[in-house]
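Open the model in your viewer and set it to cartoon. Keep a selection box ready.

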Amino acid sequence: MKNIITQFSRIFVGILFIISGLIKLNDPVGFSYKLTEYFSEPVFNMPFLEPFTLGLAIFLVILEVVLGVMLLVGYKAKATIWCLLLLIVFFTFLTFYSAYFDVVKDCGCFGDALHLTPWQSFTKDIVLLFFILILFINKKLVKPLFSNIVTNIITLASIVLCIFIAIRVLNHNPIKDFRPYKVGTNIVKGMEIPEGSPKSVVEMIFIYKVNGVEKEFSEKDLMNIPEGATFIDRKDKVITEGYVPPIHDFTMTKDDSDYKEEFLKEPKLLVFVTYDLALSNPEGMKKLEKLNEEAKAKGYKVIGMTASGADEIAKTKKQYGLDVDFYFCDATALKTIERANPSIVVLQKGTIIQKVHYNDIKDLKL
């Protein structure tokens with residue numbers, strides 16, 4: 001019985017680590033954004049690590065896949081199980097912290113393929129921790145499935161394959177797009193809230209300074225506010241989250257006006273997406289004006305979308321000779337639309353027809 005439980009744990013943990021790692025390896029840039037969120041000031045306040053998030057993301061997802069493979073084939077079982085234990089303890093701490101302090105809404109464990117609430121992520125890690133502890137206790141029962149040469153070859157092959165996939169998706173689009181803005185999506189429909197959908201329950205919280213100390217009062221506590229207290233601020237506390245449409249923060253703003261309703265009716269719209277012009281790839285930016293001219297010659301309306309300010313837009317247009325108007329959209333939304341900076345998106349009456357990395361402009365069919 002002990003051996004059966006151990007072998008089940010081995011298969012369960014190995015397969016789950018491989019699946020979780022491959023999903024994130026499909027989109028390591030997206031996972032790096034999640035790590036940046038963890039390192040940000042409101043969470044762990046470690047901004048000095050933010051420049052290294054992409055490298056760390058790639059390392060972690062490859063480690064996940066390779067450890068899963070090593071566990072299944074029984075390569076260096078003792079070291080593998082130790083690594084799995086340390087990794088799951090680390091992930092369990094992260095997901096508990098996220099859930100308890102409500103700071104990161106989605107851990108990114110399965111990328112955009114499967115969104116888990118913080119407590120769901122924590123529960124998943126507790127289950128994994130349970131099975132990994134079984135493996136840790138029964139390490140001697142985890143035997144190699146093949147000879148040393150074969151297990152070495154399989155392990156090395158998994159590392160090489162993971163590195164190849166990482167290089168491929170970093171220089172092109174993810175192999176499988178799980179995001180709300182995948183090809184075929186109609187942005188207008190993605191923003192709709194179905195009739196009868198649950199609405200958010202929000203409680204107003206009032207902040208007053210009482211004897212020099214800021215205190216919070218709910219609506220039902222307003223009668224208990226002591227005399228002489230000074231009103232500071234008011235905030236909304238979400239008690240129950242209502243339905244949130246897949247696309248909920250999409251704008252095309254310029255000069256305080258949102259033009260998305262107009263642009264999403266265009267039969268031929270080509271968009272340069274660059275969430276931060278200061279961080280955009282220079283070689284990619286150099287290709288845009290030529291594409292702009294070609295697209296306009298074929299009857300396309302061409303615009304840019306960015307979260308950068310007016311000064312950075314003016315500087316970029318001058319630097320690259322870009323004859324394109326840029327419209328503002330939240331950086332998070334733009335990072336969700338496309339991972340490359342810049343990238344190109346083609347829309348037909350609000351429906352995404354094509355999306356390409358700046359390295360794949362030659363693949364555009366205008």
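This tour goes from a sheet to a loop and then to a helix. Bear in mind that the model is predicted.

**Stop 1: the sheet**

Select residues 201–210, which form strand β1. Add β2 (213–218) and β3 (230–240). Together they make an open sheet of three strands, in the order β2-β1-β3. The pairing is antiparallel. β2 and β3 are the edge strands, and each pairs on one side only. Look along the sheet: from one strand to the next, the twist averages 30°.

Now focus on β1 and β3. Nine bridges join this antiparallel pair. For a landmark, show Met-204, which stands opposite Asp-236 in β3.

**Stop 2: the loop before β1**

Step back to Ser-197, in the loop between α7 (187–190) and β1. Is Ser-197 buried or exposed? Its relative accessible area is 15%, so Ser-197 counts as buried, the cut-off being under 20%. Show its side chain as sticks. A polar atom there lies 2.7 Å from the backbone oxygen of Pro-194.

**Stop 3: helix α11**

Select residues 310–320, helix α11. Colour its buried residues: Ile-313, Thr-316 and Tyr-320. View α11 down its axis: these buried residues fall within an arc of 70°, so they line one face of the helix. Turn to the other side of α11, where Ala-310, Asp-311, Lys-315, Lys-318 and Gln-319 are exposed.

What covers the buried residues of α11? The cover includes α9 (282–286), α10 (288–297), β7 (301–306) and β8 (326–328). Show these elements next.

Finish at Gly-321, just after α11, with its positive phi of about 60°.

How values were computed. Residues numbered from 1 in each chain as written. Predicted model: local features only at pLDDT ≥ 70, side-chain atom pairs only at ≥ 80, totals over all residues. Heavy atoms only, no water. Pairing = 2+ DSSP bridges. Helix = DSSP H or I, 4+ residues; strand = E, 2+ residues; numbered from the N terminus. Axes fitted to C-alpha atoms, helices over the stretch in contact; angles between N-to-C directions. Buried < 20%, exposed > 50% of the residue type's maximum accessible area, 1.4 Å probe, protein only. Polar contact = N/O pair within 3.5 Å; in protein donor to acceptor, adjacent residues only side chain to side chain. Arc of directions from axis to C-beta. Contact = heavy atoms within 4.5 Å.
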